[in-house]
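Trainee: Please take a close look at the helix packing in this model and describe it with care. I would also like to know how the neighbouring loops and a few individual residues fit into the description.

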Amino acid sequence: MMGVELAFAGAAEIARRVAAGEVTARAVTETFLARITSFDRRINSFITVLADRALEDAGKLDAARRGGAPAGPLAGVPIAIKDLVDVAGAPTTGGGHPRFTRHPRADAPLVARIRAAGGIVIGKTNLHEFAYGVTNVNRHHGATHNPWDLERIPGGSSGGSAAAVAAGMCAAAVGTDTGGSVRIPAALCGVVGLKPTFGAVPLEGVFPLGWSLDHAGPIARSVADAALLHRVMADGLRPPPRAAGAQPLAGTRIGVPRSFFWEDLAGEARGPAEAALEVLRGLGASVCEIEIPWAAHCGATSALILAVEAVSVHTQGLRAHPEAFGDEVRSRLDRGFFVPGTALLRAQRARAFLTRTFEAAFGSVDVLVTPTTLAAAATIVDAERAAAGAAPSLSLSLTRLTNPFNLTGQPALSVPCGLAVGRLPVGLQIIGRRGGEERVLEVGAAYEAATEWHRLHPPATAAAPASPVAGESARE
């Protein structure tokens, strides 16, 4: 089990084989580092590759296993960390100008939990500047390219994490999500992304964008792997109350909020999402249309709150070094200076009302289902034109279906549900009540088991690397 087979085996399978002694953690790590060296020249998923440290950690894990130490649930699994999250001894750039780079001495708690579970931190991934955008076109670190079509965006802001998972350069990754930044790139790159309930994963050691909207969550190639990584990030090594798996959906009530969430869809997103509803019906679920009043007000409400919270994070940097910010991000940050306090208070009252309204929807259903995005991935050229003001904003269209659930704090999962024209992935979003991750994951796993979309890989990265370079300290 080496090469391409290992690269796309999945986190749980790799951990099982390492624990059983069928493959060493070092051999796994060498395989993924070789793929990074071979493929990331074109994709640009990573800002920092921690090759030497990853190999050292893998060697220690192998020695501990030979000594009889129990293997953790992520034993030997190479995991990438969005470069907004602290990893001890590695720079945290936030995707920004080098003058803002931090050098943490300690791991963020979520990273410490991953290491304690046996995960191997293989590198820090590229992102939209300070996570304030959804294209991953980054002035300071270069654009990340979608592995399915190198001329297109991977989505953002966790685009580097999603692209790395899709291309088989890590088995899973950590992303953050303030308005859709885990789910959007997961959908556009054909992988799985979970935004958990607000507060489920600790955010200490994660550079903020908007404190009351920020979430950290896993990106993986299967629902089972996303569930595994989420449980580690959220609960350390404690076992879950019940395992997420592909269970029949008989008796499960699925709500389809047609108004707002299913409007203005491109055909490339609508067709696969409608087909997914039929799959869910075939699995025994009852699917009914429901109304969520006032959903159209979520976008403006969250944008206003985010504008104030984001500028409060960056006020000092903006005043001291405005030239160090990209034009697009600086423009967004500047808006926060002009929001009156009364407007923010009204937005917070609207948020409380909208949260109650969305929670009330679960009085009659177990989960909600929507498309993840209105369309498949745009080209990088179009993203650059939009950032320059020469084309309509991509942020509004890409976050429309995801940001309501950052506002309400409810868990939301994106799973691959089809390919648009040009073989570009699109995603299906499954949403639960607060604390309802297990039900969301169960529905996602059942859908995944009945389809093959999650088994597809970008053709350009499905081959073996040109030449392995075990031990090379690429960009470390």
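Mentor: What follows begins with the helix pairs and then moves on to loops, one buried arginine and the cysteines. This is a predicted model, in which local features need pLDDT of at least 70 and side-chain atom pairs count only at pLDDT 80 or more, while totals for chains, interfaces and linings use all residues. Residues are numbered from 1 along each chain as its sequence is written, and side-chain values use heavy atoms, with hydrogens and water left out.

Helices (H or I, at least four residues) and strands (E, at least two) are DSSP runs numbered from the N terminus. Helix α8 (residues 223-235) packs with helix α5 (residues 109-116) at an angle of about 120 degrees, their axes being 8 Å apart; the axes are lines fitted to C-alpha atoms, for helices over the stretch in contact, and the angles run from 0 to 180 degrees between N-to-C directions. That makes α5 oblique to α8, given that angles under 35 degrees count as roughly parallel, over 145 as roughly antiparallel, 65 to 115 as roughly perpendicular and the rest as oblique. The crossing of α5 past α8 is right-handed, a term for a near helix turned clockwise from the far one by less than a right angle, whereas an anticlockwise turn is left-handed. On the α5 side the contact (heavy atoms within 4.5 Å) uses Leu110, Arg113 and Ile114, and on the α8 side Leu229, Val232, Met233, Ala234 and Asp235. By class, the residues of this contact between α5 and α8 are six nonpolar, no polar and two charged, where Ala, Val, Leu, Ile, Met, Phe, Trp, Tyr, Cys and Pro count as nonpolar, Asp, Glu, Lys and Arg as charged, and the others, Gly among them, as polar.

Helix α8 also meets helix α17 (residues 437-449), with axes that come within 9 Å and cross at roughly 160 degrees. That makes α8 roughly antiparallel to α17. Here Val223, Ala224, Ala227, His230 and Arg231 of α8 meet Glu437, Glu438, Leu441, Gly444, Ala445 and Glu448 of α17, and the contact divides into five nonpolar, two polar and four charged residues.

Another pair is α3 (25-43) and helix α4 (residues 51-66), which pack at an angle of about 160 degrees with axes 8 Å apart. These two are therefore roughly antiparallel to each other, and their crossing is right-handed. In this pair, Ala25, Arg26, Thr29, Glu30 and Leu33 of α3 meet Ala51, Ala54, Leu55, Ala58, Leu61 and Asp62 of α4, which gives seven nonpolar, one polar and three charged residues.

Now to the loops. Most residues other than glycine have a negative phi, and most peptide bonds are trans. Asparagine 44, in the loop between α3 and β1 (46-49), has a positive phi near 65 degrees, and with a relative accessible area of 16% it is buried, a word that means under 20%, with exposed over 50% and partly exposed in between (1.4 Å probe, protein chains only). In the loop between β10 and β11, arginine 423 likewise has a positive phi, near 55 degrees, but is partly exposed at 46% relative accessible area. Valine 421 is found in the loop between β10 (412-420) and β11 (424-431) and is exposed, with a relative accessible area of 73%; its C-alpha atom is separated by 8.8 Å from that of alanine 376, 45 residues apart along the chain. The peptide bond from glycine 156 to serine 157 is cis, with omega near 10 degrees, and serine 157 has its place in the loop between β3 (120-125) and α6 (159-166).

Arginine 183, in helix α7 (residues 183-189), counts as buried at 0% relative accessibility. Leaving aside neighbours within four places in sequence, the contacts of arginine 183 include Asp177, Lys195, Thr372, Phe405 and Gln429. The C-alpha atoms of arginine 183 and glutamine 429 are separated by 8.0 Å, although the two are 246 residues apart along the chain.

Finally, the structure holds zero disulfides, a disulfide being a pair of cysteine sulfur atoms within 2.5 Å. For cysteine 170, the nearest cysteine sulfur, that of cysteine 189, is 11 Å away, and for cysteine 298 the nearest, that of cysteine 288, is 20 Å away. Cysteine 170 counts as buried at 0% relative accessibility, and cysteine 298 counts as buried at 0%.
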